[in-house]
Structures are given as C-alpha cells and as structure tokens.
Amino acid sequence: MLQKKSWDIPSSEITPRSVYLNRREFIADASAAAAMMVAERTLWELASPSQKVRAGTKLNGVIKGPFGTDEKQTPYNDVTHYNNFYEFGAGKEEPAEKAKNFKTSPWTLVVDGAVNKPKTFDLDAMMKLAPLEERVYRHRCVEAWSIVVPWIGFPLNALIKQVEPTSKAKYVAFQSLYDPKQMPGARYAGIPFPYVEGLRMDEAMHPLALLCFGMYGETLPNQDGAPVRLVVPWKYGFKSIKSIVKIKFVEHEPPTTWNLANPREYGFYSNVNPSVDHPRWSQAKERRLGEFFRRPTLMFNGYGEQVTQLYAGMDLRKYF
Amino acid sequence: MKSVLNSKWIKVPVFVLCLVPLTRLIWRGLNHELGANPIEFITHTTGDWTLIFLVLTLSITPARKLLRRPELIRFRRMLGLFAFFYGFLHFSTWIGLDKFFDLAEMLHDVRKRPFITAGFTGFVLMIPLAATSTAGWIRRLGGRRWQMLHRLIYASAVAGVVHYYWLVKSDVRKPVFYGTLVALLLAYRLGNRLLRKADRTRSGSSARERLVLGEKV
C-alpha cells in the first residue's frame, strides 16, 4: 500500500468553491452523517465486541476430533474475558484479572475411589495418555448465554480406562483446586468451596465428554480452567468443572456445588433443556456472544442425537 | 457554600454531572469497551445508576436536615428525574435489546419471574412521580396530596433493591449494599416521624399539666 504523507492533499480533496460557499449546509449534512455513523458503529459494537491478542503455549500435534460444529467460533478475547470462575470473583471480567498469577505448574491430579488402579498423574504425563484432539463445541451457560469454542483434549473415557473402575463405580466425582491464598474472589462468591461436580458413569464414559487441556490451539488460559478441565457440551456450563485436582469413582450420586448452593435452581443432571425453565428465567433462548438477537436453545445443546439414549425413561423435569 | 448552592447556575453543572454515566456508556460503546456481552453491560450499568439516583434522591431530605442546608431541596427533583431517566433506559434496554419488543414474552416474564415483577413495579411506580414533578402539578394536587403521592418513591426504591437481590446468583454484596442504604434512609424518616409524634404527645401532656396547674392556682 502507498503511504501518503500527511501534508499531501490530493486535488480531489480540495474543496470546490461552491461547496465552500455552502459550508454551513455542509456542516449540517456532515453532522447528520456523523450521527448516522455513530449510531451504526454503536449497533455494530453491540453485535461484535472487540478482539485482543492472546498469550498461551501452543499445543503441537493436535488432530481434528469428531462431533465438531462448523458454526462461527466465538472470538478468543470474549472467551477469556467473560468467565464464570467464582474462585476468582463473581464478575464476568474478574477472573481474567484475578487469575493472572494463578500457579498451574507443577500440577497433579489424583484419580482414586472404586478403581483397580488408583493413580496420581503429573499433568505432562496425563496429556500423553491419548492423542490431543481439537473439538469445536457449543457451550451453553445456565445464565442463557452461549459460546462456540475449539477445545483441545481427549475423551474423559481414555483416562477412566487407565484406572479400571470396579463394579461399584456408579458415579464420578470431580474436585477443583481450592487455594484461598491464590483465589482472591472466593471469599465473597457465596458458594461453598472447593468446587465439586459429578457425572453418572455412563455420562462420563460418553465420547462427547472431554478432558480438556487447551483451546484455540494453545494451553488453557488460567481464567478458563487451566491446566485441566472438563467439557460436557450437552450440559450447562457449570458442570464443566475447571482446574481439576481430584477425580473419585463412587457408588452414590456425589454432591455438586451449585446444587448445594441452591437445590431448587440447580440439579445434579443440569442437561441443557429449553423446555425446563430456570426458576428465575426462561431457558428457551440464549444469547450467543457476538450476536445481536437471541437464538433458540436446542435440546441437549444440539447433542441430542448423541446423548438422548442416556436418559431414556427419565423424567427430565424431575431430574433437571 | 450556601451561596453556591443557592446560585442560579449551580443546577447546570449538577445536570451535566448526572449525564456522565450515560456519556461514559456511549464512549465505551464507541471504543469497543462494552465487553463480551454489551447488551448485558448496558442493562447492568443503567440498572445500577437507577438505584444510585434513587438513593441520592432519598438522601436529600436527611442531608438537608442533618447538614442544615435546606437549599439542597433545589436538587431533589432533578435527581429524581434522573433516577427515572436511567430507569427508563434500563427498561428500554430490556424491552428493546433483550426482548426485541416481544410484548407477549415481556408480559409473560412480568407475570412469571418475581425479579422482573419487582423491577417492573419499581419502574411503573416512578412514572406518576416523573409526570407530576412540575410546580404546576404540585399546585394542582395541593402540597399535601402531592407529597403523599411522591412517597411512592419509597416503594420504588425497595422494589428496585428486591429486583436486584432476586436477580443475582450468589454474590449478594452489591444488592445488600443498596439495600442497606435504602433501609437507612427509610429508617431515618421513620425515626423522625416517631420522634415528632412523641414530641407532640409530650408537649401536649405538658400543656395539660400546665392547665391543671393553672386550675389549681
């Protein structure tokens, strides 16, 4: 591109005399045009927030995984600056700031309970258990917003097979790290910590359930659950527990944090379901970040074909 | 100080100051700083400022009395109207940008969702106050009746706080903060009322005593 000098005035920009003489009119027109531009920009801004640069470690040798959607991916900056990670504050932009110094290395994950081979994994070793896949999933928050994220990880069942669950293993319980010294938001979050989540064994074994180490080609940013999290795309986002330190196989349905905090509003299953409202708002529609209009929410977040059979014969109003 | 508050022009900077939150919001919008969910950001910001202006409006009377600055009354109407203004922006964001003018869905929400019922009530209660805020309406209604009507702001502020409290998922610090302020401001009024009442009965009885004494004499 040709770089122009600031003092170069092309002849095309020299104001014709007639226009100069009508300058007041011109100012009025120009102000109207400027106002239009401002209005247009505001509307555009509402629909497409800004993007900034990223800072993670690139993950190599990632293969393309199944179940991917070709929907438009949410900008990286939105996925990293609009987080629910209450250990780092309940505000959406707080985790990006408060998780900056969160120490995620070294990291170990203890896997035990009703298994033949309980193991303690070092993160690097765990990442080598199976080939890393990129999976572009829809992610639907219980608060009626959604994103599309290219996660990187492998099926949770690859890890489960390593430890050989016994016949007593009916559920899997997950636990996040809780270190109040590193987690300045936890004090006022209003929910109990450490954060715990759970899945039924068949849900955990489902090929869609992802043990996730990265996104957008890189390792997970701290605020998105570094260094290892769960991604269960047919359930509300809070089921996809972040920064996991413990996985335990148990016989009975384990407690889950949001259910403990408010059992009337958050159930153990928490499958995305447009026909079962949250007591305080409708789940029929969602706002996809970056889109202006709300879009209809799909049953099981659009993964019904894969997961409907898991819940055959269950009343999903009762087991919400 | 007194002369400044009494001056003819003081209302202009106060008015401009009241527009700062809106200006900042527009500025952020133009500079792509409304975050990942701009509509939510606008909703929360305008909601916050509605509550702040309600609290400021309710503070005028106690401030007048406690600081002995009766001239503060000159700002009450403006602050109240700004509470309505930000409430209107908040409400409009909801029906326009959130519900896309889907009236059926709106009414459904108002009926079914307690937090929306509360917020809607708070806003609707402000409408008659904004409409009758002129000197003409004070005259037409008569000071006493006008004052009775404008006590609706107490209900509006309480509804606003309840609306916020019912909305948040778990971190209730902000709604509790606004709630505390509103509670203090309403408690001041209640306390004042009780004191006045006690005063009246006390002075009443002393008069009676004097009368009795007088009879004796």
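## Exercises on strand β8 of chain A and the A–B contact

Strand β8(A) and strand β10 (residues 229–231) of chain A run antiparallel and share 3 bridges. The model is predicted: local features need pLDDT of at least 70, side-chain atom pairs count only at pLDDT 80 or more, and totals for chains, interfaces and linings use all residues. Residues are numbered from 1 along each chain as its sequence is written, with chains lettered from A and ligands numbered from 1 in the order in which they are written.

**Exercise 1.** Find the strands that pair with β8(A), where pairing needs at least two DSSP bridges.

*Solution.*
1. Strands are DSSP runs (E, at least two residues) and helices are runs of H or I (at least four), numbered from the N terminus.
2. Take β10(A): Leu230(A) stands opposite Leu211(A).
3. Take β5 (residues 145–155) of chain A: 5 bridges tie this strand to β8(A), antiparallel. Leu210(A) is the bridge partner of Pro155(A).
4. Take β9 (residues 218–219) of chain A: 2 bridges, again antiparallel. Thr219(A) faces Gly214(A).
5. Check the β8(A)–β9(A) hairpin: 2 residues lie between the strands, and Tyr216(A) has a positive phi near 55 degrees.

**Exercise 2.** Decide how covered β8 (residues 210–215) of chain A is.

*Solution.*
1. Count C-beta atoms, placed from the backbone, within 10 Å: 20 or more others means buried, 12 or fewer exposed, in between partly exposed.
2. Result: 6 of 6 residues are buried.

**Exercise 3.** Describe the contact between chains A and B.

*Solution.*
1. Apply the contact test: C-beta atoms, placed from the backbone, within 7 Å.
2. Chain A gives 23 residues, chain B 17.
3. On chain B, α3 (20–30) and α4 (38–66) each supply at least two residues.

Notes: Contact = placed C-beta atoms within 7 Å. Pairing = 2+ DSSP bridges.
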